[in-house]
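Student: I've got a protein model open and I'd like to go through it with you. Can we take the labels people put on residues and check where they come from?

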Amino acid sequence: MAAEFLVMLYEYSPLFYITIISVCFIITVAVVLGWFGFDVPIILRISDETESLIPVPERKMVQVANPFALEIGSTVGKATVTGLSLLAYCLEDCVLCCFWGCEVHALQTALQNHQRGPRLSTTWQFQDALEFSYHHCHSFNYQKDKKEECFTRMPPELGVTDFGMLPRDRYPLVAVLMLTNPETRDNYNIMASVTVLHIPDDKYRISARILFQYLLTAHGNVYDLKPLFMSADISNFSGTAEPSTSKTGVGLQHKPLDETREQSESSMEWPDNQVRDCVVCQNAAINRVMLPCRHACVCDSCVRHFQHCPICRAFVIESFVLSNQPSHDEEDNLTENLNG
């Protein structure tokens, strides 16, 4: 009887047919979006739903000490293949090797060999891993705790004025920092710092800049350093800041270099004279970095109320702390307990 009634409605009521199709379409779309993990735009949510948001998971950080720091020196605006100044700072005595015109394939192969085979702990081992696939190598020795600037250049007699058209098979400059004394290598998990730089030449006049920075560890891991995005007036907090001896933490992902470059997010403390307030509450200091967009803009208390970055509106998968200082709410609770 019910089936006959539905058949009768289907035959004589077009509105019933349209309603059934619409309901099936809405259910199908909702199931597909939920299956693939698409998030509902925040403008469609009601205000009462804000309190029920799932907190953004926190990435567990690994505490390491990075003894190397390298940045482009005072000739950043005048750098060419005829010369470039590099500013290095090391916690221990180290050696800086500048490989001009290093082949891309040779560098990637050397990094993979560090993961699979013998560790690249000396400059000679690194040169052998590159199979001498570069135009020129220039070395400098640095003493511990001294921030010194060196000048490296491509020899004019080589006659190299550019590194070809895109896509290039050679990096203009690869700078490698390694510890000099074997006894100090046991004190650090990080064995070497590899910095890939772009140098303007006759083909491309783009200013000198750092393209990639890798950290090689004693356990055979290769970590790709990533910059953090923050307020433009904070110049002291960057990926090329001086190495920290407090071991504040570095977030690391363990994946083979063949599949994807490993990432690491620096977790250094803000300088006392450059603390910035949270963009949401304007009451506490910025202490959280959103991932994967890497915007540092909120405090520990506000991060739990957002699933989208307040700056770029990107969906936040996880976050990590910049320092291990207690949050504003924890400080209030501690004060109340002390007063009580």
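Student: How many salt bridges does the count come to by the rule?
Tutor: The count comes to 9 salt bridges. Keep in mind that this is a predicted model.

Student: What makes Arg-288 and Glu-58 a salt bridge?
Tutor: Look at the distance: their side chains meet at 3.4 Å, N to O. The cut-off is within 4 Å, between a side-chain nitrogen of Lys or Arg and a carboxyl oxygen of Asp or Glu, so this pair qualifies.

Student: Why can we say that the pair ties together parts that are apart in sequence?
Tutor: Check where each partner sits. Arg-288 is in strand E12 (residues 288-291) and Glu-58 is in the loop between H2 and E1, so the pair ties together parts that are 230 residues apart in sequence. Glu-58 and Arg-288 also belong to a network of salt bridges with Asp-300.

Student: Is Arg-288 buried or exposed, and how do you know?
Tutor: Its relative accessibility is 10%. Buried means under 20%, so Arg-288 counts as buried. Glu-58 has 41% relative accessibility. That value falls between the 20% and 50% limits, so Glu-58 counts as partly exposed.

Student: What makes Lys-144 and Glu-92 a salt bridge?
Tutor: Their N to O distance is 3.9 Å, and the limit is within 4 Å, so the pair passes. Lys-144 lies in the loop between E4 and E5, while Glu-92 is in the loop between E2 and E3, 52 residues apart. Try the burial labels too: Lys-144, with a relative accessible area of 40%, is partly exposed, whereas Glu-92, at 14%, counts as buried.

Student: Which strands hold Arg-170 and Glu-103?
Tutor: Arg-170 lies in strand E6 and Glu-103 in strand E3, so their pair ties together parts that are 67 residues apart in sequence. The two side chains meet in a salt bridge at 3.3 Å, N to O. Glu-103 has a relative accessible area of 27%, so the label is partly exposed.

Student: Why is Asp-169 called exposed?
Tutor: Its relative accessibility is 55%, and exposed means over 50%, so the label fits. You'll find Asp-169 in the loop between strand E5 (148-152) and E6.

Student: What is Asp-169 in contact with, leaving aside its neighbours within four places in sequence?
Tutor: Cys-102, Glu-103 and Val-104. Asp-169 and Ala-106 are 63 residues apart in sequence, and 9.7 Å apart in space, C-alpha to C-alpha.

Student: What makes Tyr-171 and Phe-212 an aromatic pair that is edge-to-face?
Tutor: There are two checks. The ring centres are 6.4 Å apart, and the limit is within 6.5 Å, so they pair. The planes are 70° apart, and over 60 counts as edge-to-face, so that label follows. The pair links Tyr-171 in strand E6 with Phe-212 in strand E8 (residues 209-217), 41 residues apart. Tyr-171 is buried at 10% relative accessible area, and Phe-212 is partly exposed at 25%.

Student: How many aromatic pairs does a search of the whole structure find?
Tutor: The search finds 5. There is also one aromatic cluster, formed by Phe-99, Phe-126, Phe-132 and Tyr-134.

Student: Which residues have the most contacts inside the largest nonpolar core?
Tutor: Leu-84, Leu-86, Leu-96, Leu-173 and Leu-197, in a core of 36 residues. Several strands give two or more residues to this core, including E1 (68-72), E4 (136-142) and E7 (190-198). E2 gives the most, with 5 residues.

Student: What does Leu-197 touch?
Tutor: Not counting residues up to four places away in sequence, its contacts include Ile-72, Leu-84, Leu-86, Pro-172 and Leu-173. A second, separate core of 23 residues includes Phe-99, Met-178, Leu-216 and Val-222.

Student: Why would nonpolar side chains be buried together?
Tutor: In soluble globular proteins they tend to be. There is a nonpolar patch on the surface here too, formed by Val-23, Ile-27 and Val-31, with about 260 Å² of accessible area together. Ile-27 lies in helix H2 (residues 14-35).

Key:
Residues numbered from 1 in each chain as written. Predicted model: local features only at pLDDT ≥ 70, side-chain atom pairs only at ≥ 80, totals over all residues. Heavy atoms only, no water. Core = buried A, V, L, I, M, F, W, Y, C linked by side-chain atoms within 4.5 Å. Buried < 20%, exposed > 50% of the residue type's maximum accessible area, 1.4 Å probe, protein only. Helix = DSSP H or I, 4+ residues; strand = E, 2+ residues; numbered from the N terminus. Contact = heavy atoms within 4.5 Å. Patch = residues over 30% accessible without salt bridge, like charges linked within 9 Å, V, L, I, M, F, W, Y side chains within 5 Å. Areas by Shrake-Rupley, 256 points an atom, 1.4 Å probe, with all protein chains shown as cover. Phe/Tyr/Trp six-rings, centres within 6.5 Å; stacked < 30°, edge-to-face > 60°.
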